[in-house]
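Hi,

Here is the structure I promised to pass on. Please open it first, then read my notes below.

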Amino acid sequence: MSKTGYFTHRDCRKHEMGPGHPECPERLDAIEDRLLVSGLDHALTRLEAPLASLDEVELAHSRMHVSALRGLSATLIEELDAGGPRYAMIDPDTAMNAYSWNAILRGAGAAMAATDAVIAGELENAFCAVRPPGHHACRDKAMGFCFLNNVATAAKYAVERHGLKRVAIVDFDVHHGNGTEDIVAGDERILMVSFYQHPFYPHGGSRDADNLVNVPVPAYTKGLAVRELIETLWLPRLEQHQPEMIFISAGFDAHREDDLGQLGLVEADYAWITERVKDVARRYSKGRIVSCLEGGYNLSALGRSVEAHLRVLADV
Ligand SMILES: [Zn+2]
């Protein structure tokens, strides 16, 4: 068995939000194609993402939010049978179809199953190729293509259910992980480090809390400047925190070819960031890393960037 797990599920392909939407099922195809073409597929252990249970996702979300999403899905399916609309709109960018609820639970389920396997030592690290993404999902709110927060749920699960004392969340998506911040701010067991384009969606700043190192950067910032801020701002805090496990919100929309953001990262930057996170994990976390797909909308750049990320995780 390879030490790097690759969690995914066909349900994650069935969730879609209408024609032309950038957060589309083809994103997962682009990643799969790249794994096959590069031969990287052979270096990974493929695993099915299970459905998360409701009490697990309630580690990060209010019962009200979880029931509202489940209810919306049930109503949509019921009305669809009677000729109703195909989508239930959450905001202008975010919608559920008849398959979304299962895809949502698979995303959180993948992150927690990966956490179990990595803590049990069955895998050294894992990547969850799931959608919808999660890092904009707040405790009480779905937004920005996200419904439940996969990474925040898994981080809470690691401390609450596995009893880890300190974990870290690394978020390199071009957008601020406002949902993750909403869920973990003030929880000293969980350190969140990120950089994000600012001003930009979701149009807030980071909150002032001791467990957050969220670094805004202006549009057109390139990889070299991002590497510098990681060395000066992220790494000292990660070393100080000594996380027993590291979660990655792996969004690849800071890539220079991605039109949803205006930053200038390339594949080599994603490899470099992954190396740095892996160094910290090797020193403090027994190598334990669980990475979950967030953004990344230029299909070619997404496939190449995930390949670069996975090559470092799998050491090939
Ligand atoms: Zn993003």
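**The zinc site**

The zinc ion has these protein donors: D173 (OD), D173 (OD), H175 (ND1) and D253 (OD), lying 2.0 to 2.7 Å from the ion. Donors are N, O and S atoms within 2.8 Å of the metal (3.2 Å for Na, K and Ca); water is not among the atoms, so sites may look incomplete.

Before going on, two notes on the source. This is a predicted model: local features need pLDDT of at least 70, side-chain atom pairs count only at pLDDT 80 or more, and totals for chains, interfaces and linings use all residues. Residues are numbered from 1 along each chain as its sequence is written, and side-chain values use heavy atoms, with hydrogens and water left out.

Back to the zinc ion. Its donor residues follow the spacing D-x1-H-x77-D in sequence. Why is the arrangement irregular? The four donor atoms subtend angles of 52 to 152 degrees around the zinc ion, and that makes it irregular. Four donors count as tetrahedral if all angles lie between 85 and 135 degrees; four count as square planar and six as octahedral if opposite donors are over 155 degrees apart and all others between 65 and 115; anything else is irregular.

Is D173 buried or exposed? D173 is buried, with a relative accessible area of 1%. H175 is buried too, at 8%. (Buried means under 20% relative accessible area, exposed over 50%, partly exposed in between, with a 1.4 Å probe and protein chains only.)

**Cis peptide bonds**

The bond from R131 to P132 is cis, with omega near 0 degrees. P132 sits in the loop between β5 (125–128) and α6. The bond from Y201 to P202 is also cis, with omega near 5 degrees. P202 sits in the loop between β7 (190–197) and β8 (212–217). Helices (H or I, at least four residues) and strands (E, at least two) are DSSP runs, numbered from the N terminus.

**Positive phi**

Which residues should you look at here? Y220 is not a glycine, yet its phi is positive, near 75 degrees. Y220 lies in the loop between β8 and α8 (223–241). Y220 is exposed, with a relative accessible area of 66%.

K286 is not a glycine either, and its phi is positive at about 55 degrees. Find K286 in the loop between α9 (267–284) and β10 (289–293). K286 is exposed, with a relative accessible area of 67%.

Best wishes
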